Amino acid sequence: MQLKGFVRFFAIALILICVYQLSFTFFVKNFESSIEKKANSWIKKFPSPEKKYPNNKLLQEDYQDSLDNLKSNYYARLIDSLKGSKIAFGLVTYKEAKEKEILLGLDLQGGMSVTMEVGLDGLIKALANYTKDKAFNDALNKAVQQKAVTNTNLIDLFYSNYTQANPNSNLASFFAYKSNNEITNSSSNTDVLNYLNKKSADAFKNTYQILQTRIDRFGLASPTINPDPLKGRINIELAGITDKERVRNYLQSTANLQFFEMYTLENVDIQNDLVAADKTVQAYLNGIGLDTLNVIDTAGIADSTKNKLNANPIFKILNVAQPYTNPKTKKTIFPSEIGYVLARDTAILNQYLNYSFVKNKFPNNLRFCYGKLQEGSDKNKTLFTSLYAIKVLDNGQAPLEGDHVANSAQDYDERGKIAIKMNMDNTGTTIWARLTTANREKPIAIVLDNIVYSAPTVNEPITTGNSQITGNFTVKEAQDLAQILQSGKLPAPAKIVQEQQVGPTLGKAAIKGGALSFIISFVVIFVLMLLYFNTGGWVANIALILNLLFTIGILSSLGFTLTAPGIAGLVLTIGMAVDTNVIIFERIKEELIRGKSYALAINDGYKRSLSPVLDAHVTTLLTAFILAYFGLGPVLGFATTQIIGIILSLFCGILVSRLITDIYTNKNRHFEYFTKLSKTVFQHKKFKFIEYRKYAYFISAIVLVLGVASFFNGFDEGVEFSGGRSYTIKFPKTIDQEVLRDELKVVFEDAPIIKTVDTKNQLNITTAFMISNTTTNADSVVENVLYNAVLKYLPENTSFADFNTNYIQSSQKVTASISEDLKSGAQKATIIALIVICFYIFIRFRDWRYSLGTIFSLLHDVFVTLIVFSFFRKIVNFPLEIDQHFIAAILTVIGFSMNDTVIVYDRIREDSKILKGKTNAFIINQAINETLSRTIMTSLTVFLTILILFIFGGEVTKGFAFAMLIGVFTGTYSSIFVAAPVLVDFAKNKPLGKTES
């Protein structure tokens with residue numbers, strides 16, 4: 001009774017928690033929908049493109065783009081201004097709810113993801129003071145070439161190359177000069193290696209911080225950045241981004257640390273200039289209109305309304321910094337900031353300050369910069385930043401660059417306050433002395449990537465090059481600033497080694513396909529349970545509904561991102577969630593057939609099904625954990641969904657189902673488990689499976705031969721494994737693929753792989769052209785080559801920008817080092833999964849024959865899938881590629897195949913205790929026949945859901961679904977005709993299990 005009480009309490013609590021968590025998504029979508037309606041209503045105030053520019057299609061398109069941008073900006077401003085609005089019956093703010101809604105992956109909402117690798121070759125060169133030594137540079141250049149095709153650390157490659165080619169040479173002499181005494185000429189090569197690894201870790205950390213700041217400036221709702229220090233990579237996801245060239249250039253540029261003199265409001269001229277700028281913008285807005293796009297006409301809006309709305313446009317959003325009095329010196333102190341602005345208003349302030357007629361109001365050498373984002377003290381912690389005015393030289397540069405910083409570290413001043421110590425090199429010392437002398441009692445800006453990180457005031461001229469920066473720092477803030485100063489302009493920029501871009505059109509199609517397959521799968525399985533298990537099917541369906549509710553709710557509460565493979569995982573969960581009840585209900589039916597009462601049959605059914613249910617779920621769970629460990633990106637989402645779904649399947653299928661059954665049965669009634677269909681299917685069957693095992697062995701031998709032959713026949717590797725660039729392009733009409741391939745072969749220097757995607761006019765083009773080129777503009781070069789090659793198939797006057805935005809639906813880039821890493825991980829995952837499953841079977845059954853049967857069965861399943869993907873890849877009209885999704889399918893098939901195998905094995909072990917004196921062949925035959933109904937039903941539920949996913953799920957999951965369809969079919973076959981018969985033909989005289997005395 002205590003267990004039932006706990007299950008009841010836990011189930012109710014989990015229902016309430018999940019409904020509460022998912023309600024945030026519901027209320028957020030409703031709120032955003034209302035804001036969208038306001039934006040649509042507002043944009044209708046402006047004339048339509050047809051009215052504005054009749055008979056001029058080009059101007060109409062430009063005007064429509066302007067309207068779209070204006071609407072988007074207006075929507076964003078509304079959302080930003082209403083973040084503190086109460087929603088959900090006034091219980092929570094929009095901002096709080098937004099942070100708890102279900103996150104959609106890039107493949108569902110469109111956007112761009114990149115994997116970046118820190119360019120350690122530049123770091124090594126800089127630390128070695130750009131030595132011209134031939135042996136040193138040869139070793140480094142060779143390491144760079146090796147790194148392009150392997151995932152080994154560049155520093156280890158360089159060290160190995162140099163020490164092998166120069167076994168008697170010491171690396172210390174190259175690094176002693178710039179190491180600040182960390183390396184001396186007498187240091188060993190091992191010391192140098194440790195020093196380089198330490199500097200590499202520092203560079204990685206600094207690059208991560210810089211990239212984190214940079215992606216915040218894209219203005220996206222939920223960008224993510226995940227560092228992987230062990231591999232030296234940083235994974236970034238930018239949902240909703242459309243300008244991929246801007247992303248590439250911005251993320252791959254070298255960090256630039258600079259020191260500037262500053263303008264403050266102590267300068268009366270700057271005060272007057274700011275007032276003049278505000279009046280000029282006000283006049284401009286009143287004369288031209290509320291909006292700043294020349295193509296927008298606000299005729300019809302009353303002048304009085306304009307004057308009211310446009311009054312003091314700059315000072316309305318810029319809170320001017322106020323001077324204060326130093327209590328000790330009684331001097332008036334002007335802050336280094338010009339003022340403060342909310343983060344959401346920086347875009348419009350930038351627009352104002354960048355007008356040419358506004359720039360003319362300020363000195364020519366003045367440039368505005370923002371500081372780091374800070375949280376406000378209000379209850380919503382509204383983000384704001386400081387506005388600074390720095391002085392640039394005539395050439396636009398800084399008087400002192402960061403590469404003259406020799407050393408910096410977090411320190412404490414003489415009063416014990418946290419500070420940063422900073423030392424300059426000889427050149428820097430001279431410039432720093434001149435700069436601090438000229439700016440005594442004035443601030444100097446420390447700027448990285450056009451962001452002011454600190455603006456300390458100079459107390460005294462610093463002529464020694466040794467400085468101390470004080471302020472209200474925390475230890476972490478001081479350490480971060482010291483790290484930034486230490487990095488200077490060290491040339492260790494991050495390079496994009498993997499890139500994927502998905503257009504919003506494909507994202508919407510993925511959502512539609514995933515949702516449709518999910519709904520249809522749910523309805524089909526729901527109906528099937530009722531048709532096959534009568535009223536008992538309601539128990540399975542309630543468990544299914546709770547399983548899905550709990551899975552989605554937990555995914556949302558833990559902050560996981562829902563991807564297309566994640567939806568595939570949910571669809572698969574529908575099929576696998578009812579498997580627990582199928583196994584239990586089939587056992588209950590057996591007990592009823594034997595004449596037991598309903599109460600006893602239910603009790604024995606749940607009790608005797610526990611072992612096979614646990615075994616089946618554990619094997620599937622093991623492969624899911626392995627997939628989660630080795631998987632990346634969307635595949636990780638699938639594995640996570642599967643893991644949660646499997647665990648909840650046990651809870652709902654065993655505990656909740658039993659609770660519902662007991663509550664109902666205790667009231668002198670019971671569920672019915674038989675229907676006319678289930679009474680006639682597979683009941684009292686006595687198929688002689690073992691007698692036909694030699695035919696099955698013959699089929700398995702053919703599978704083995706063809707499986708080996710598939711490696712010689714070859715496979716189509718996805719771009720993830722082959723490396724290269726892949727573009728999905730939607731052409732206006734169907735084009736001849738062979739002609740296009742020949743044309744692209746000329747410009748790409750090799751024939752690309754071209755495949756149809758979804759429709760005949762949508763093609764995927766994969767090429768390795770310039771994939772080893774590491775320059776930052778290589779991606780643009782390839783895209784321009786592609787654009788020029790396909791231009792004749794596009795409408796007349798299609799620009800490169802239009803091609804990128806409207807015709808390229810998605811793109812992906814994978815360098816050789818990443819593809820090798822992915823392939824290596826896939827191989828390890830598959831091998832480890834096979835070993836782990838076999839080991840688990842051995843532990844559970846304590847008999848090597850069961851493990852041997854498992855090995856044969858799993859190899860059979862894998863080989864059949866490989867055969868189809870090798871020999872049918874040129875026959876079917878959809879891609880059959882070896883990629884991460886395929887590996888996910890293989891591992892899932894391995895786990896699912898063992899689901900059926902374990903059910904048979906458990907029954908063999910159970911029957912062997914009862915059927916004394918019977919032959920092994922008789923026991924195995926009976927066990928297979930007794931479990932045949934549940935074997936077919938568990939396979940059927942999964943097969944149906946995967947078939948629906950294959951038909952309706954869209955292109956993203958089609959290859960995965962096809963591999964799973966094959967796997968489910970062959971897994972059922974191998975469980976009956978491969979795994980079980982092995983027990984007969986190996987150690988024939990050995991019992992299959994312990995007999996009952």
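**Exercise 1. Which residues form a negative surface patch, and which helix gives the most to the negative patch?**

Before starting, note that this is a predicted model, in which local features need pLDDT of at least 70 and side-chain atom pairs count only at pLDDT 80 or more, while totals for chains, interfaces and linings use all residues. Residues are numbered from 1 along each chain as its sequence is written, and side-chain values use heavy atoms, with hydrogens and water left out.

*Step 1.* Apply the patch criterion: residues with over 30% relative accessible area and no salt bridge, like charges being joined within 9 Å and nonpolar side chains (Val, Leu, Ile, Met, Phe, Trp, Tyr) within 5 Å. Areas follow the Shrake-Rupley method with a 1.4 Å probe, and for residues only the protein chains shown count as cover.

*Step 2.* The negative patch consists of Glu61, Asp62, Asp65, Asp68 and Asp802.

*Step 3.* Helix H3 (residues 57-81) gives the most, with four residues, whereas Asp802 lies in helix H29 (residues 800-807). Helices are DSSP runs of H or I with at least four residues, numbered from the N terminus.

**Exercise 2. Locate the nonpolar surface patch and the helix that gives its largest share.**

*Step 1.* Phe839, Phe842, Ile843, Trp848, Ile855, Phe856, Leu859 and Phe986 make a nonpolar patch of about 700 Å².

*Step 2.* Two or more residues come from each of helix H30 (816-845) and helix H31 (848-871), and H31 gives the largest share, four residues.

*Step 3.* Leu859 lies in helix H31 and is partly exposed, with a relative accessible area of 35%; buried means under 20%, exposed over 50%, and partly exposed in between (1.4 Å probe, protein chains only).

**Exercise 3. Examine the salt bridges of Glu182 and state whether each lysine partner is buried or partly exposed.**

*Step 1.* A salt bridge requires a side-chain nitrogen of Lys or Arg within 4 Å of a carboxyl oxygen of Asp or Glu; a search of the whole structure finds 32.

*Step 2.* Glu182 pairs with Lys198, the closest N and O atoms being 3.8 Å apart, and its side chain also meets that of Lys199 at 3.6 Å, N to O.

*Step 3.* Since Lys199 lies in helix H10 and Glu182 in the loop between H9 and H10, the latter pair ties together parts that are 17 residues apart in sequence.

*Step 4.* Lys198 is partly exposed at 40% relative accessibility, while Lys199, with a relative accessible area of 13%, is buried.

Definitions and conventions: Lys, Arg positive; Asp, Glu negative; His and termini not counted. Charge placed at Lys NZ, Arg CZ, Asp CG, Glu CD.
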